[in-house]
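Open the model in your viewer and keep the sequence panel beside it. The tour goes from one pair of strands outward to the whole chain.

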Amino acid sequence: RVMSIFAIWAVACCVEMMAVGPFTVIANVGEDASTTVRLNWHTDVDCREGVCRYTFADDWDWSEARSMTAQRELCTVFDSIYSKTADGKDFYESARFIRNTLELDSLVPGTQYKYFIEGDNTIRYFKTAPRDNNWTAAVISDFHAYAPLPARTRAAMDMLATLERCNGEFDMVLHVGDIIAWGGSYSFWRELYANEPFEKYVWAGVNGNHDNMSRGYAHQSNEFFRYTNNNPLNGYEGEMGVCYHFTYGNTLFVMLNNESMKSEEGLCKAQQWVRQVIAANPHRFVVVMEHYQWFYGNTGESSQYERWRQLFDECGVDLAIAANN
């Protein structure tokens, strides 16, 4: 009987230790994607510290590995939000966790790295942007990850696998928003990030209207997107880590949040910031991304194009990527 009690206690301890994390792990681009990568992961509130070890992908014995300790903060923005379980039952999310963020800098351009986070045996990878400007990116959006309908996520991950089969592995993934059905449902993010493409690529994305909302639009906040990523903190007031810019080789990427541009005042702030970013960061090519469509696909009528075309022409934007419709 004593042995049985001990065994039950041991199993309970193992389960508790497994729950500590890390979970919801993602590698995001740094401001200079050739030399910096920004990591984001979450751990249980009882986890005492977050340590990451990283090295070159071909460092088989990890002899050149470095360790870094993450900055940590308590995150409660998802807690008690109305959601659905995988079997379709209504429930309120219980989501209080520690957010761990880390910037790896002084990296070698065009190089594959591997890393793991203490407390987890999973080895993950990312690649820095090459200096020679010969690179590939997968562009994907609007798969609306939703626990009761897992086929949505499977289809999106299968699409990335199809791109790999056609072209080989790419250097990064660009997502154009609405990757989550209800961004306030933390369990949806956690399940999505457990898929293989989040273990092998660096990601850069924008906040979509669904990423920005909870069930039934009860809550709307860019914090859902902010706290599940660790994007460069070079945006404008209220949009740090949501709107941001980064360089990838000879290309400047400017990432927008259309949820903050619904009013003329919000649009004006965004456009002023875009002008400043492009002027201060001269590059051979300029790419701007936002979630809402430039044109309506079913009619061909203008949507966001009319709001942005003059600025894009004046600032020399080469490519504008959008999604949604």
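Select strand 15 together with strand 16 (residues 285-289): the two pair in the parallel sense over five bridges. This is a predicted model. Within that pairing, pick Val254 and look across to strand 16, where Val288 stands opposite.

Next, select strand 14 (residues 244-248), which pairs with strand 15 in the antiparallel sense, again over five bridges. Thr247 is a useful residue to label here, since Leu252 of strand 15 stands opposite. Follow the backbone from strand 14 into strand 15: the two form a hairpin with two residues between them. In the turn, Gly249 has a positive phi of about 65 degrees.

Now keep only strand 15 (residues 251-255) highlighted and switch on the surface. Which residues of strand 15 are buried on each side? On one side they are Thr251, Phe253 and Met255, and on the other Leu252 and Val254. Five of the five residues in strand 15 are thus buried.

Zoom out to the whole protein chain, which has seven helices and 17 strands. Its C-alpha atoms fill a box of roughly 80 × 50 × 40 Å along the principal axes. The radius of gyration is 20 Å, which agrees with the value near 20 Å for a compact globule of 325 residues. Colour by burial, and 52% of the 325 residues count as buried.

Finally, show contacts between residues at least 6 apart in sequence: 68% of them join residues at least 24 apart. For the charges, select the 27 positive and 42 negative ones; their mean positions lie 4 Å apart.

Definitions and conventions
Residues numbered from 1 in each chain as written. Predicted model: local features only at pLDDT ≥ 70, side-chain atom pairs only at ≥ 80, totals over all residues. Heavy atoms only, no water. Helix = DSSP H or I, 4+ residues; strand = E, 2+ residues; numbered from the N terminus. Rg over C-alpha atoms; globule rule 2.2 N^0.38 Å. Buried < 20%, exposed > 50% of the residue type's maximum accessible area, 1.4 Å probe, protein only. Contact = heavy atoms within 4.5 Å. Lys, Arg positive; Asp, Glu negative; His and termini not counted. Charge placed at Lys NZ, Arg CZ, Asp CG, Glu CD. Pairing = 2+ DSSP bridges.
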